[in-house]
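This report walks through the architecture of a two-chain model, moving from one helix outward to the sheet, the cores and the contact between the chains. Please keep the structure open beside the text.

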Amino acid sequence: MIEIKDLHKSYTMGSNVLHVLKGINFKAEDGELVAIMGSSGSGKSTLLNILGMLDEADSGEYTLDGVPIRDLTETKAAKYRNKFLGFVFQSFNLINYKNALENVALPLYYQRMPRKERHDKAMKYLEQVGLKEWAHHLPSELSGGQKQRVAIARAMAAEPKLLLADEPTGALDSTTSYEVMDLIQKINDAGNTILVVTHEEDIAHMCKRIIHLRDGVIVKDEKVEQVRASAYV
Amino acid sequence: MFDIERWQEIFDTIRKNKLRTFLTGLSVASGIFILVILLGFGQGMQNGIAKEFASDASNRIWVWTQVTTKEYKGLNPGRPIALKNENYQYVTQQFARQLEDRSPVFRVRDVVVNYKKETLGYSVQGIGSDYQFIENQFLSQGRYINPKDEQNTAKVVLVSNKIKKEVFPEGVDPLGEYLDISGIKFQIIGIYGDQGGEREEDRIFIPVTTAQKVFNGANRVDNLSFTLQPAASFDEAVDASMKFTEDLKTYLREAHTVAPDDPSAINVFNTLEEARRYYGLTGNIRLFFWFVGICTIIAGVVGVSNIMLIVVKERTREIGIRKALGARPWGVVGMILHEAIFITAISGFTGLILSMGLLELIGPHVEVDYIVNPSVNFNVALSTVFLLIIAGAVAGFFPAWRAANIHTIDALRDE
């Protein structure tokens with residue numbers, strides 16, 4: 001599904017050059033649930049942004065579902081994102097003037113799906129995350145956990161090949177975090193490939209594989225015994 | 001443009017951002033509104049000035065005299081100049097082909113006008129039969145003084161609508177009634193009105209010959225008044241009347257032994273020359289209103305641009321989200337511009353309709369000196385609306401384009 005070879009990325013901050021990723025190599029297969037762990041500044045978010053085509057690497061190869069991702073223009077990146085990727089962010093990134101249903105339906109609008117159809121589909125995904133009753137509420141009327149579930153429903157509605165979650169539980173308390181992880185595990189059980197960036201040990205152990213990142217290099221890549229989040233809910 | 005999905009998306013956005021939409025719309029609508037009202041009043045002013053000139057024939061030439069101010073050919077300054085019948089006759093013969101209307105004016109002084117027992121405070125003037133056209137008077141009743149009256153030194157008199165209203169009781173027909181002017185009975189033969197309004201209706205007219213004969217005028221006249229034959233164009237008319245004015249002055253100065261450079265003994269007032277100055281003035285006023293209007297539009301454009309900048313800034317994060325979900329940069333730019341143009345157009349036309357409605361409604365009732373029926377050229381107003389729409393679109397394009405092209409990750413970090 002994902003193959004990355006010798007990925008480098010550096011940022012220029014004034015006169016300083018900050019080398020964030022110093023040659024990353026890894027592969028992820030279909031249906032994997034991978035946690036990328038590391039303290040802040042380890043380069044994990046940068047890696048996720050590159051995987052999500054929100055940012056570009058300086059050098060290295062990136063292949064997604066057999067398609068080499070390179071020479072991205074904004075238009076091309078937009079097309080790939082719509083086709084391949086679903087995003088879940090720490091800060092939810094819902095559009096605040098659209099209700100839950102419209103937020104979930106938005107990626108389908110960019111797939112040029114007719115209105116009626118995309119609303120039906122959005123409703124189906126909202127139901128899956130248990131928020132059918134909240135479909136017509138604005139984000140400001142939802143709790144943090146509910147917002148994140150709407151964001152997950154939105155990411156899944158486009159039926160992406162890869163779900164990228166950037167600190168999905170970072171803004172949530174632990175009970176809500178486990179609920180969200182439970183949802184992510186269920187989505188993974190259904191066969192979806194998911195990458196979760198986190199710095200929380202317990203969240204990482206709810207995945208099937210943990211990649212440890214420190215100072216821009218992978219220091220450890222291990223398969224783990226998955227802890228089911230439902231045990232805590 | 002005709003993508004129904006996109007329209008729905010835009011209407012969603014507008015519906016859910018009412019305040020932002022309202023403020024954008026308000027600035028556009030008020031800009032257009034102010035411009036149209038300003039242009040309307042500029043036009044109203046021009047109409048008003050044109051109307052002021054309707055009070056007299058627009059090519060009127062008027063001669064009056066004062067005392068000499070310069071010594072000339074042994075004659076002392078301070079000598080009063082009195083026009084004579086001969087002067088009038090000479091001019092009418094000499095310039096017969098150029099003149100359209102002509103009339104001497106003799107002001108009757110120190111007389112008392114009575115109607116029955118009532119004493120009236122109106123001035124009495126002796127005039128010729130052409131005077132009606134020179135003053136742009138109209139007849140409401142009866143007839144004007146005619147050449148026969150002049151020949152016969154008839155004791156007939158013209159009064160105005162104003163005098164009729166002020167002097168004669170309701171139901172009394174002034175025609176055929178008699179006015180007593182210093183003990184002599186004059187029969188009322190007509191009632192005139194003046195285009196210039198009531199302030200020009202304070203005079204009682206009698207034939208000039210009668211005035212001279214009865215009131216001890218001998219062969220003196222106070223003024224000469226003329227209008228010239230119409231010319232092909234305004235400028236030609238002005239030139240012709242200027243030349244006539246000069247000829248007239250030269251002749252009168254010679255006839256009365258007045259120094260050729262005496263500035264005030266012989267005076268000729270030429271309406272056309274004044275008219276040219278006034279038309280120049282209205283042109284300048286219009287120019288001024290245009291200037292103010294264009295400044296208003298510029299202010300409007302700046303306002304719209306400003307709002308567009310803020311709107312785009314405010315939506316940077318939303319743009320990031322949309323791009324993360326697969327929106328193409330052009331799609332985002334298109335959507336923002338589409339919305340902006342839609343709002344500007346709707347509010348621009350609202351301002352246009354409101355202001356033109358207001359002008360239509362109150363315009364005909366505006367009765368102030370120098371402002372008559374303010375109105376505006378629809379095409380001009382329409383083009384300003386389009387100008388504002390285009391300006392809004394251009395002003396919105398650059399920030400939208402920049403926002404759509406910053407890295408999605410930066411857009412998402414934008415707080």
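## Helix 5 of chain A and its surroundings

In helix 5 of chain A, the buried residues are A:Gln146, A:Lys147, A:Gln148, A:Arg149, A:Val150, A:Ala151, A:Ile152, A:Ala153, A:Arg154, A:Ala155, A:Met156 and A:Ala157. The model is a predicted one, and every statement here should be read with that in mind. Because 12 of the 14 residues of this helix are buried, helix 5 of chain A is largely enclosed by the rest of the structure. The buried residues of helix 5 of chain A pack against strand 6 (85-88), helix 3, helix 4 (115-128), strand 7 (162-166) and helix 6 (174-189) of the chain. Helix 5 of chain A lies across strand 6 and strand 7 of chain A, and runs at about 175° to strand 6 of chain A.

Helix 6 of chain A, one of the elements against which helix 5 packs, has its own set of buried residues, among them A:Tyr178, A:Val180, A:Met181, A:Leu183, A:Ile184 and A:Ile187, together with the charged residue A:Glu179. These buried residues of helix 6 of chain A pack against strand 3, helix 5, strand 7, strand 8 and helix 7 (201-204) of chain A.

The table sets out the two helices side by side, with the end-to-end C-alpha distance, the span expected at 1.5 Å a residue, and the residue with a positive phi that comes just after each helix.

| Helix of chain A | Residues in helix | End C-alpha distance | Expected span | Residue just after, with phi |
|---|---|---|---|---|
| Helix 5 | 14 residues | 20 Å | 20 Å | A:Glu159, about 50° |
| Helix 6 | 16 residues | 22 Å | 22 Å | A:Gly191, about 105° |

For helix 5 of chain A, the distance between the end C-alpha atoms agrees with the expected span, and for helix 6 of chain A the reach is close to the expected value.

## The sheet of chain A

Chain A holds seven helices and 10 strands, and buried residues make up 48% of its 233 residues. Among contacts in chain A between residues at least 6 apart in sequence, 68% join residues at least 24 apart.

Six of the strands form an open sheet in the order 6-7-8-3-9-10, with mixed pairing. Strand 6 and strand 10 (217-223) of chain A stand at the edges with a single partner strand each, so one side of each is left without a neighbour in the sheet. Neighbouring strands of this sheet are turned by 15° against each other on average, direction ignored. Within the sheet, strand 3 (residues 33-37) and strand 8 (residues 193-198) of chain A run parallel and are joined by five bridges; A:Met37 has A:Thr198 in strand 8 as its bridge partner.

## Nonpolar cores

Which residues touch the most other members of the largest nonpolar core? In this core of 118 residues, they are A:Ile36, A:Val104 and A:Leu195. The largest share of the core, 10 residues, comes from helix 2 (residues 18-52) of chain B. Apart from it lies another core, of 42 residues, which includes B:Tyr131, B:Leu179, B:Leu224 and B:Ile266.

Not counting residues up to four places away in sequence, A:Leu195 touches A:Val34, A:Ile36, A:Leu48, A:Leu51, A:Leu162, A:Leu164 and A:Ala165.

## Local features of chain B

B:Tyr88 is placed in helix 3 (residues 85-94) of chain B. Is B:Tyr88 buried or exposed? With 23 C-beta neighbours inside 10 Å, B:Tyr88 counts as buried, because the cut-off for a buried residue is 20 or more. Leaving aside neighbours within four places in sequence, B:Tyr88 is in contact with B:Pro104, B:Val221 and B:Leu224. The C-alpha atoms of B:Tyr88 and B:Arg102, which lie 14 residues apart along the chain, are separated by 8.9 Å.

Elsewhere in chain B, strand 11 (residues 203-207) is mostly covered, with four of its five residues buried. Strand 6 (residues 123-127) of chain B pairs with strand 11 of chain B in the parallel sense over five bridges, and B:Val124 stands opposite B:Ile204 in strand 11.

## Contact between the chains

The contact takes 17 residues from chain A and 19 residues from chain B. On the side of chain A that touches chain B, the elements that give two or more residues are helix 2 (74-84) and helix 3 (100-109) of chain A, and helix 2 of chain A gives the most, with five residues. The residues of this side divide into nine nonpolar, four polar and four charged.

Methods
Residues are numbered from 1 along each chain as its sequence is written. Chains are lettered from A and ligands numbered from 1 in the order in which they are written. This is a predicted model: local features need pLDDT of at least 70, side-chain atom pairs count only at pLDDT 80 or more; totals for chains, interfaces and linings use all residues. A nonpolar core is a set of buried Ala, Val, Leu, Ile, Met, Phe, Trp, Tyr and Cys residues joined through C-beta atoms within 7 Å. Two residues are in contact if their C-beta atoms, placed from the backbone, lie within 7 Å. The expected span of a helix is 1.5 Å times one less than its number of residues. Two strands pair if DSSP finds at least two bridges between them. Axes are lines fitted to C-alpha atoms, for helices over the stretch in contact, and angles run from 0 to 180 degrees between N-to-C directions.
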